[in-house]
Amino acid sequence: MDDDQVFKAMADPVRRLLLDALFERDGRSLSELEDVVTQHVEMTRFGVAKHLRLLEEANLVSTTKVGRSKLHFLNPVPIQQIHDRWIGKYTGRAEISAGLISLKQQLEKENPI
């Protein structure tokens, strides 16, 4: 897996929107995904297809042809691998971080600059 390609694919808000839509319901057509995207931003069918192609190249989306339709499915494995490699190791320190953030917010509330 190429972490850089996955990070780059997930960096774009439209691609994250597409991933969220597929998380909610897998097996969507390009038309269905275009409808999801155009509810939030103005984009052509070609633009949505380009975003989907980048997600496929990052192995975040797989497709299956059903008749004349191409259905898109979320592949959560690369996201889980990123979590295991880059995020999971920091969660052990989450309590310390949360305490420090809470302290910082409390101090800023008491002593605004």
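Trainee: What is the volume of the largest pocket?

Mentor: The largest pocket has a volume of about 180 Å³. Keep in mind that this is a predicted model.

Trainee: What makes a residue part of the lining?

Mentor: A lining residue has an atom within 4 Å of a pocket point. Ser29, Leu30, Ser31, Arg45, Ala49, Leu52, Arg53, Glu56, Arg68, Ser69, Lys70 and His72 line the largest pocket. Helix H3 (30-38), H4 and strand S3 (69-74) are the elements that each give two or more residues to this lining.

Trainee: Which element gives the largest share of the lining?

Mentor: H4 does, with 5 residues.

Trainee: How does the lining of the largest pocket divide by class?

Mentor: There are 3 nonpolar, 4 polar and 5 charged residues. Arg and Glu count as charged, so Arg45 and Glu56 belong to that class. Ala counts as nonpolar, so Ala49 goes there.

Trainee: Stay with alanine 49. Where is alanine 49 found?

Mentor: Alanine 49 is found in helix H4.

Trainee: Why is alanine 49 called partly exposed?

Mentor: Its relative accessible area is 22%. Buried means under 20%, and exposed means over 50%. The value for alanine 49 falls in between, so the residue is partly exposed.

Trainee: And glutamate 34: buried or exposed?

Mentor: Buried. Glutamate 34 has a relative accessible area of 18%. That is under 20%, so the term applies.

Trainee: Where is glutamate 34, and how far is its C-alpha atom from that of alanine 49?

Mentor: Glutamate 34 sits in helix H3. The C-alpha atoms of alanine 49 and glutamate 34 are separated by 8.3 Å, with their positions 15 residues apart along the chain counted as separation.

Trainee: How do you know that arginine 45 and glutamate 34 form a salt bridge?

Mentor: Their closest N and O atoms are 3.0 Å apart. The cut-off is 4 Å, so the pair qualifies. The pair links distant parts of the chain: arginine 45 is in helix H4, and glutamate 34 is in helix H3. Glutamate 34 and arginine 45 are 11 residues apart in sequence and 6.1 Å apart in space, C-alpha to C-alpha.

Trainee: What is the accessibility class of arginine 45?

Mentor: Partly exposed, at 39% relative accessibility. Glutamate 34, its partner, is buried.

Trainee: How many salt bridges does the count come to?

Mentor: The count comes to 4 salt bridges.

Trainee: What makes arginine 25 and glutamate 32 one of these pairs?

Mentor: The closest N and O atoms of arginine 25 and glutamate 32 are 2.8 Å apart. That lies within 4 Å, so the pair is a salt bridge. Arginine 25 is partly exposed at 39% relative accessibility. Glutamate 32 is partly exposed at 27%.

Trainee: What about the side chains of lysine 104 and glutamate 108, how do they meet?

Mentor: In a salt bridge, at 2.7 Å from N to O. Again the value is within 4 Å, so the name fits.

Trainee: Why are lysine 104 and glutamate 108 separated by about one helical turn?

Mentor: Because they are 4 residues apart in helix H6. Glutamate 108 counts as partly exposed, at 44% relative accessibility.

Trainee: Which residues make the nonpolar surface patch?

Mentor: Ile96, Leu100, Leu103 and Leu107 make a patch of about 400 Å².

Trainee: What makes leucine 107 eligible for a patch?

Mentor: A patch residue needs over 30% relative accessible area. Leucine 107 has 43%, so it passes that test. With that value, leucine 107 is partly exposed. Its place is in helix H6 (residues 94-110).

Trainee: What is notable in the phi of asparagine 59?

Mentor: Phi is near 65°, a positive value in a residue other than glycine. Asparagine 59 is found in the loop between helix H4 (45-57) and strand S2 (61-66). At 44% relative accessibility, asparagine 59 lies between 20% and 50%, so the residue counts as partly exposed.

Trainee: Last one. Where is phenylalanine 7, and how far is it from arginine 68?

Mentor: Phenylalanine 7 is found in helix H1 (residues 3-11). Phenylalanine 7 and arginine 68 are 61 residues apart in sequence and 32 Å apart in space, C-alpha to C-alpha. Phenylalanine 7 is partly exposed, at 39% relative accessibility.

Key:
Residues numbered from 1 in each chain as written. Predicted model: local features only at pLDDT ≥ 70, side-chain atom pairs only at ≥ 80, totals over all residues. Heavy atoms only, no water. Buried < 20%, exposed > 50% of the residue type's maximum accessible area, 1.4 Å probe, protein only. 1 Å grid on protein atoms, 1.4 Å probe; cavity = no way out; pocket = protein on both sides within 12 Å on 5 of 7 lines; lining within 4 Å. Points joined across faces, edges and corners; volume = space filled by probe spheres on them. Patch = residues over 30% accessible without salt bridge, like charges linked within 9 Å, V, L, I, M, F, W, Y side chains within 5 Å. Areas by Shrake-Rupley, 256 points an atom, 1.4 Å probe, with all protein chains shown as cover.
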